[in-house]
Amino acid sequence: MDDIQTEKIPFWLDPKKRAIIFQIGVFCAVGLLAYYLISNTLINLEKQSVATGWGFLQKESSFEIGESPIEYSAASTYLRALIVGALNTLKVSFIGIVITVILGTIIGVARLSTNWLVSKMAGIYIEVMQDIPVLLQLFFWYAIFYEALPGPRQALAPIKGIFLCNRGVAFTVPASHPAHKYMFLAIVVACFSVYFLRRWAKKRQDETGKIFPTFRVGISTIIGLPLLTWLAFGAPIAMDTPKLVGFNFKGGMMLSPEFIALLLGLVLYTAAFVAEVVRAGIQSVSKGQTEAAMAIGLRPALVLNLVILPQALRVIIPPLTSQMLNLTKNSSLAVAIGFPDFVSVANTTINQTGQSIEGVALIMAVYLIFSLSTSAFMNWYNKKAALVER
Amino acid sequence: MQDMAHEIYTDDMKPPVTSVGVIGWAKANLFNGIFNSILTIITIFILWKFLPPFIRWAFVDSAWNTTGAACREASGACWSVIFSNFRFIIFGFFPYESQWRPFVAMLILFGLLFYSRNRNHWSKYLGYSWIIGLIVMGLLMKGGLFGLASVDSTKWGGLPLTLLLSVFGLTAAYPLGVILALGRQSKMNGVRWICIVYIEAIRGVPLISLLFMSSIIFPLFLPEGVTFNKILRAQVAIILFTAAYIAEVVRGGLQGMSKGQYEAAESMGLNYYLTMRLVILPQALKIVIPPTVSILISAFKDTSLVVIIALWDLLKTTQSVLSNPEWMGFSREAYFVVAIIYFLGCFSMSNYSRKLEKELSAGEQH
């Protein structure tokens with residue numbers, strides 16, 4: 001026995017030492033591969049005499065961008081062009097996510113409807129939309145715009161004040177008025193005060209058991225405060241209707257065909273996935289929960305609010321976030337139909353400057369920031385919503 | 001006596017007409033309650049408003065086998081855009097007289113897929129026949145042997161290219177994904193972190209950025225003189241991308257394994273490699289078959305993105321037909337048909353995945 005104990009274990013049979021050696025091997029392999037690729041790249045770049053580094057960001061971009069939320073012209077720098085692209089990506093993703101969640105929830109609930117026809121229609125929608133590539137859907141909606149719709153002169157007007165033509169969709173909007181800025185401010189203030197009101201109400205209920213009608217007061221604050229602001233400014237009702245001037249519409253709000261095709265494609269595609277998520281979430285709450293809640297005398301609204309939703313949301317939120325992220329990533333397909341999102345602007349930059357490595361690195365970095373911040377939020381939420389076993 | 005009376009009684013009392021048959025069904029499923037009745041009526045109204053004009057457009061007023069000019073006369077859909085250019089849309093620039101070769105390759109692929117549907121057929125020999133099948137398919141596409149004329153890969157296109165990118169993409173991504181998943185579960189910190197960084201980074205960026213990388217940056221990575229063709233570069237990007245997603249799916253399966261399995265294997269004296277090969281992976285991979293099929297579905301759909309880096313896949317050949325002045329303006333019909341092709345592919349896969357899910361969960365119950 002003593003023999004075995006004193007005998008030195010050879011290092012290849014000691015798991016700890018073996019792990020260290022194996023890891024050193026893996027690191028060396030990865031490092032060598034990286035070194036090989038980088039050295040090749042450097043040699044190639046030198047041969048092609050392409051500038052490297054981030055200096056190009058400060059140069060004049062000299063290309064136009066069709067639509068931009070901030071001021072931009074061809075004389076602006078590449079940096080500004082890229083910021084415009086990132087803002088466009090954020091814009092289309094944000095609007096897309098809001099509409100997708102609403103539409104997806106409606107379709108998901110419809111799928112569970114006791115109405116056979118409605119449920120079947122929702123089922124067909126989900127199956128068909130999930131099975132067609134989103135890029136094809138984008139091309140399809142874009143084609144509808146430039147092929148099926150007439151020019152601005154014969155624009156369709158399905159609803160008064162909205163014009164559909166192959167240049168996009170023109171909306172009638174309230175004419176700009178200083179009141180709008182303050183109304184927006186009022187909404188922000190209302191949202192914050194409702195948030196604090198809720199916290200206060202919950203604390204009071206925990207301490208005294210008195211229930212405060214948070215929902216009703218909250219809704220009336222959010223609607224009432226901007227309304228009061230509007231009235232305080234003399235209730236401006238002037239409307240800005242799009243008018244045909246020359247070959248295009250002037251005034252109102254104009255959305256480009258690219259933007260609408262992108263939004264339609266992304267929303268209709270992702271909504272099918274969101275609908276499945278919502279359906280699964282609602283089905284995950286067992287019927288006994290509803291019955292138990294009703295048995296202790298909760299009203300239907302409270303059953304939904306206090307019993308079903310908290311449990312369903314725990315199942316729904318994680319896959320829902322990944323769908324939102326998918327929508328954001330898929331918005332990069334804008335480059336195929338010419339909407340100036342971040343990828344599209346970065347692509348133009350690459351073509352003009354030839355600095356492909358920096359360009360692609362920027363694309364990846366921007367999307368990584370989006371997804372990492374989303375997953376950070378997810379982890380925070382999961383911790384908060386996780387079942388606390390007592 | 002009592003039995004007799006009972007029989008007569010049930011014979012006489014039939015359920016009311018309104019609760020059986022078509023009326024009963026409609027009452028129970030369409031008009032149960034005011035809200036549902038309103039919903040039904042609205043849905044029927046919408047269908048009635050859209051379906052007849054659509055059928056009229058697609059089937060009655062449509063042109064099926066005419067020239068582009070004749071199509072413009074017709075008020076309905078122009079399916080001629082598909083029928084007149086069918087072979088180009090499906091096979092792209094593949095030499096016209098050799099197009100039977102990609103056709104046979106696709107038949108082999110469909111045959112293998114169809115045969116593999118049944119899980120009773122899964123065996124070592126099926127694996128070998130897949131390998132042989134893939135080699136034969138590659139040979140049919142590439143040519144240059146057995147008297148087949150060599151066809152340059154720049155001429156590959158259409159549906160065979162789409163299938164090639166997705167099938168080879170998944171076949172190569174699968175082992176890579178399994179290795180990454182094992183790496184992520186590893187006890188060695190260094191290896192684990194490399195895998196985590198890779199998986200999270202790839203999953204965080206859109207496929208299109210990897211495709212850009214493949215078409216613009218990959219050539220810079222290689223020493224001078226060495227060039228890859230474009231299809232292979234896109235294929236590598238798709239493999240790297242899909243592997244990260246497969247790794248996450250497989251990780252789910254690995255986490256689903258109970259600790260007892262590892263301990264049992266260890267107490268038998270199996271080392272890491274044998275534990276994984278004989279005990280853990282066979283079980284873990286079986287659990288994750290359904291989500292793996294959905295990865296296959298999205299890989300199939302995602303191959304359409306190669307159109308952005310100008311590969312001639314199904315979508316690109318269609319677009320090129322549409323840019324021909326004769327067929328300009330018939331995008332809706334053309335995209336509609338391409339959508340049907342994608343739909344059939346994805347729908348049969350997702351149907352299969354659902355069937356498999358049922359089989360697998362039924363197998364676990366006893």
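**Entry 1: two helices in chain B**

Is the crossing of α9(B) and α10(B) left-handed or right-handed? I looked this up before anything else, keeping in mind that the model is predicted. The crossing of α9(B) and α10(B) turned out to be left-handed. Helix α9 of chain B covers residues 158-185, and its axis comes within 7 Å of the axis of α10(B), at a crossing angle of roughly 125°. I therefore noted the pair as oblique to each other.

Next I listed who makes this contact. From α9(B) I found B:Leu180, B:Gly183 and B:Arg184. From α10(B) I found B:Val191, B:Arg192, B:Ile194, B:Cys195, B:Ile196, B:Tyr198 and B:Ile199. Sorted by class, the residues of this contact are seven nonpolar, one polar and two charged.

**Entry 2: a closer look at α10(B)**

I then stayed with α10(B) and checked its length. It has 16 residues, and its first and last C-alpha atoms are 22 Å apart, close to the 22 Å expected at 1.5 Å a residue.

Which residues of α10(B) are buried? I wrote down B:Val191, B:Cys195, B:Ile199, B:Ile202 and B:Gly204. A handy reminder for my margin: an α-helix has 3.6 residues a turn, so residues three or four places apart point the same way. I also looked for what covers these buried residues of α10(B), and the cover includes helices from both chains: α2 (15-48) and α13 (356-385) of chain A, with α9 and α12 (230-255) of chain B.

**Entry 3: the loop before α10(B)**

B:Met188 caught my eye in the loop between α9 and α10 of chain B. I counted 15 C-beta neighbours inside 10 Å, so B:Met188 goes down as partly exposed. Apart from neighbours within four places in sequence, B:Met188 is in contact with A:Ala19, A:Phe22 and A:Gln23.

**Entry 4: where the chains meet**

That sent me to the contact between the chains. I found 46 residues of chain A and 43 residues of chain B taking part. On the chain B side, at least two residues each come from α3 (34-60), α10 (189-204), α11 (207-221) and α17 (331-365). Which helix gives the largest share of that side? I found that α17(B) does, with ten residues. By class, the side of chain B that touches chain A has 28 nonpolar, twelve polar and three charged residues.

**Entry 5: another helix pair in chain B**

I compared notes with a second pair, α7 (residues 100-116) and α8 (residues 124-142) of chain B. Their axes come within 8 Å and cross at roughly 165°. An angle over 145 degrees counts as roughly antiparallel, so that is how I recorded α7(B) and α8(B). Their crossing is left-handed.

The α7(B) side of the contact includes B:Val104, B:Ile108 and B:Leu112. Among the residues they meet on the α8(B) side are B:Trp130, B:Val136 and B:Leu140. The contact of α7(B) with α8(B) has twelve nonpolar, three polar and one charged residues.

**Entry 6: two single residues in chain B**

Is B:Thr318 buried or exposed? It sits in helix α16 of chain B. With 26 other C-beta atoms within 10 Å, B:Thr318 is buried, because the cut-off for that is 20 or more. Leaving out neighbours within four places in sequence, I found B:Thr318 in contact with B:Ile89, B:Ala334 and B:Val338.

B:Ala310 lies in the loop between α15 (289-302) and α16 (314-322) of chain B. It has 10 other C-beta atoms within 10 Å, so I marked B:Ala310 as exposed. I also noted its phi, near 65°, which is positive in a residue other than glycine. Most residues other than glycine have a negative phi.

**Entry 7: over to chain A**

I finished with helices of chain A. How many of the 15 residues of α5(A) are buried? I counted eleven, so α5(A) is mostly covered. Among the buried ones are A:Leu135, A:Phe139, A:Trp141 and A:Tyr142. The end C-alpha atoms of α5(A) (residues 134-148) are 20 Å apart, which agrees with an expected span of 21 Å.

Lastly, α3 (residues 78-111) and α12 (residues 342-353) of chain A pack at about 155° with axes 7 Å apart. That makes α3(A) roughly antiparallel to α12(A). Their contact divides into eight nonpolar, four polar and no charged residues, and includes A:Leu82 and A:Val84 of α3(A) and A:Phe342 and A:Val345 of α12(A).

Key: Residues numbered from 1 in each chain as written. Chains lettered and ligands numbered in written order. Predicted model: local features only at pLDDT ≥ 70, side-chain atom pairs only at ≥ 80, totals over all residues. Contact = placed C-beta atoms within 7 Å. Helix = DSSP H or I, 4+ residues; strand = E, 2+ residues; numbered from the N terminus. Nonpolar A, V, L, I, M, F, W, Y, C, P; charged D, E, K, R; others polar. Axes fitted to C-alpha atoms, helices over the stretch in contact; angles between N-to-C directions. Parallel < 35°, antiparallel > 145°, perpendicular 65-115°, else oblique. Left-handed = near helix turned anticlockwise from the far one by under 90°. Expected span 1.5 Å × (residues − 1). Buried ≥ 20, exposed ≤ 12 C-beta atoms within 10 Å, placed from the backbone.
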